[in-house]
Amino acid sequence: MTSTTDLAVVVLAAGQGTRMRSRTPKILHTVGGRPLVGHVLDTAAALDPARIVVVVRHERERVAETVAELAPGVVIVDQDEVPGTGRAVEAALGALEDFKGDVLVLSGDVPLLQAHTLTDLVAAHRAGGTAVTLLTAHVDDPQGYGRIIRDDTDGVRRIVEQKDATADEAAVREINVGVYVFQVSPLRDHLARVGTANAQGEKYLTDVVALLRDAQLGVAASVTPDAGAALGVNDRIQLSEAGRTLNERTVRHWQREGVTVVDPATTWIDVTAVLAPDVTILPNTHVRGATVVAAGATIGPDTSLVDCEVGEDATITRTDATLAVVAAGATVGPFAYLRPNARVGVGGKVGTFVEVKNSSIGEGSKVPHLSYIGDTEIGRGVNLGAGAITANYDDIAKHRTVIGDEVHSGSHNVFVAPVTIGDGAKTGAGAVIRKDVPAGALALSVAPQRNIEGWVEKNRPGTAAADAAARARDEQEARDGS
C-alpha cells in the first residue's frame with residue numbers, strides 16, 4: 001500500500017449475535033483480554049487509514065461507549081431499522097460523503113485477521129483495478145457462511161447466502177468471510193439499487209457484487225491462506241476456539257521475544273500484557289489485562305496476575321493477584337492473595353496463606369505466614385510473625401495501620417487500627433495492639449495465666465479427655481506417694 005490517505009475502513013458492529021445466547025452483545029465478548037471488536041479496531045488502526053467508521057445498532061449505547069473507549073478517534077454511525085450488512089455500509093457511506101478512495105469493510109466479530117493480510121488484499125485490489133475485491137477462504141465445513149459462486153472462467157459470479165442457497169450451491173466450500181475492498185463510487189451507486197427480496201428480508205452487501213459484475217466493473221477474489229484467522233465468531237464454541245488460537249499466537253510471540261514458557265498449553269497471556277526477555281512462565285499461569293513483567297521474573301506455577309506490575313527477578317508462586325505491584329527481587333507465595341493496591345517492596349516477601357489489600361510492604365520486609373494485611377503501611381526491614389492481622393474495619397469505616405522500619409512482631413498479633421508502631425519496636429506473642437507503640441518499645445498484652453484444677457473431669461465426665469486426665473492424676477499421686 002503506497003498511501004493510506006485514500007483508504008477508509010468500515011467496521012460492521014450492528015448485529016445482535018443471537019447464537020451467543022447472551023445479554024452481552026456478541027462483539028463485546030472478549031478473547032485475549034480485549035472485546036472481539038477491539039481486535040478488529042486494532043487491526044484497522046494498524047493500516048493507518050484516513051478514517052475508521054463503526055456502524056452500531058443492537059445495544060447501541062453500550063457498544064458505542066466501548067468502541068469510543070477502545071478507539072477514541074473513530075466515527076460512530078447508527079444503522080436504522082432496515083436490516084442487513086448492505087444497509088449498514090450504506091449508513092457508513094453517509095459519513096464518507098467527501099471520500100474518494102477505497103473502502104475496506106470488516107466485520108466486528110472477526111478478531112484474528114492480521115494487518116498484513118488486509119494490506120495484501122488492498123494491494124491486490126488496487127493492482128487489479130476492479131470495483132471490488134473480496135477475501136475468501138476454503139473450509140471443510142462451510143455451514144453458516146455465504147458461498148462463492150464462480151463462473152466457467154473461475155471468476156466470481158455472485159455470493160449466495162446460506163438460507164438462499166440451492167443444494168448444489170450449499171455444497172460449495174469456498175466461503176465469503178465478510179471482508180471487502182470497494183472503490184467508493186461504484187459501491188455508492190450500486191448499493192442504492194439493492195433490495196430486500198430474499199429469505200431473510202435483509203439488504204445484503206453481497207448483492208452489490210453481482211450488480212458490479214453485471215455492470216462489467218470488475219469483481220475479484222483473494223483466497224486467504226489462513227482460513228481460520230478469517231472466520232467470524234458466532235457462538236460460544238467459536239469464541240473459545242478463537243481464544244485458543246489467539247493465545248497460541250500470543251505465546252509464540254513472547255517466546256520469540258525471549259520469554260520461557262514451560263507449558264504453552266496451560267499458559268494464557270492476554271494481548272495487552274507485556275513481558276520482558278528472560279521472564280519464565282511456569283505451567284497453569286494466566287497473565288491478564290495490562291500486566292507488565294520485568295526481566296528475570298518467574299511467574300507460576302498455578303498463578304493468575306491481572307493488571308499487575310512485576311519487577312526484575314521477582315518470584316510469584318501459586319498466587320492470585322489483581323492490581324498489585326511486586327518490586328524487584330521480591331517473593332510472593334505460595335498460596336498468597338494480593339488484592340488491589342497491594343505493593344511489595346524491593347526484596348520483600350509475602351509468604352504462605354497471606355492476604356494483602358490496599359497496603360504497602362517496604363523494602364526487605366516480610367509477612368511470611370498466615371496473615372491478613374489490610375489498609376496498612378509497613379516500613380523497611382520489618383518481620384511480622386505468623387498469624388499477624390491488621391484489623392482495619394470497625395463495622396463503619398476502614399482505618400489504617402502504620403508499622404515503622406525494623407519492627408519485629410511476635411506470632412499471632414492483632415493490630416487494631418488506627419494504630420502506629422514506631423521504628424524498631426517489638427511486640428510479644430499473642431499481643432493485641434490497641435494503642436500506638438513508641439519507637440524502640442516492647443509492647444505486651446499479657447494476662448496472668450489461670451489454671452482451674454479438675455475442670456475437665458468435673459465438666460466433661462465420661463469423655464476420653466476426662467479419662468486421660470484421671471489416669472494422669474492417679475499416676476502422679478502414685479509417684480508422689482512413693
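Where does P334 sit? P334 is in the loop between β24 and β25, with helices (H or I, at least four residues) and strands (E, at least two) taken as DSSP runs and numbered from the N terminus. The peptide bond that leads into P334 from G333 is cis, with omega near 5°.

Some ground rules before going on. This is a predicted model, where local features need pLDDT of at least 70 and side-chain atom pairs count only at pLDDT 80 or more, while totals for chains, interfaces and linings use all residues. Residues are numbered from 1 along each chain as its sequence is written, and side-chain values use heavy atoms, leaving out hydrogens and water.

**Backbone oddities**

Most residues other than glycine have a negative phi, and most peptide bonds are trans. Back in that β24 to β25 loop, F335 is a non-glycine residue with a positive phi of about 60°. H412 also has a positive phi, about 55°, and belongs to the loop between β33 (408-409) and β34 (414-416). With 53% relative accessibility, H412 counts as exposed (buried is under 20% relative accessible area, exposed over 50%, partly exposed in between, using a 1.4 Å probe and protein chains only). D48, just after α1, has a positive phi of about 50°. Another cis peptide bond runs from G300 to P301, with omega near 5°; P301 lies in the loop between β18 (298-299) and β19 (303-306).

**Rings**

Searching the whole structure turns up two aromatic pairs. Here rings of Phe, Tyr and Trp (its six-membered ring) pair if their centres lie within 6.5 Å; planes under 30 degrees apart are stacked, over 60 edge-to-face, and the rest tilted.

| Pair | Centre to centre | Angle between planes | Class |
|---|---|---|---|
| Y180 and F182 | 5.6 Å | 25° | stacked |
| F335 and F353 | 5.2 Å | 10° | stacked |

Y180 is buried at 4% relative accessibility, and F182 is buried at 0%. F335 is partly exposed, at 43% relative accessible area, and F353 is partly exposed at 48% relative accessibility. The F335 and F353 pair links distant parts of the chain, 18 residues apart, with F353 in strand β27 (residues 349-357).

There's a charge over a ring too: the charged end of K398 sits over the ring of Y393, 5.5 Å from the ring centre. That label needs NZ of Lys or CZ of Arg within 6 Å of the ring centre and within 35 degrees of the ring normal.

**Empty space**

Rolling a probe the size of a water molecule over the atoms shows where empty space is left. On a 1 Å grid over the protein atoms alone, a cavity is a set of points where a 1.4 Å probe fits but cannot get out, and a pocket is an open set with protein on both sides within 12 Å along at least five of seven lines; lining residues have an atom within 4 Å of a point. Points are joined across faces, edges and corners, and a volume is the space filled by probe spheres set on the points.

The largest pocket has a volume of about 1,400 Å³. Its lining runs to 38 residues, with R19, K26, T85, E202 and N234 nearest the centre. By class, that lining has 13 nonpolar, 18 polar and seven charged residues, where Ala, Val, Leu, Ile, Met, Phe, Trp, Tyr, Cys and Pro count as nonpolar, Asp, Glu, Lys and Arg as charged, and the others, Gly among them, as polar. β10 gives the largest share of the pocket lining, four residues. T85 is in helix α3 and is partly exposed, at 36% relative accessible area. T85 and A14 are 71 residues apart in sequence and 8.7 Å apart in space, C-alpha to C-alpha.

The search also finds one cavity of 30 Å³ or more, with a volume of about 40 Å³. Lining the cavity are H39, V40, T43, L106, S107, V110, P111 and L113. These split into five nonpolar, three polar and no charged residues. Helix α1 gives the most to the cavity lining, three residues, and eight of the 11 residues of α1 are buried.

**Core**

The largest nonpolar core has 48 residues, of which L338, V350 and I421 touch the most other members. Such a core is a set of buried Ala, Val, Leu, Ile, Met, Phe, Trp, Tyr and Cys residues joined through side-chain atoms within 4.5 Å. β27 gives the most to this core, with three residues.
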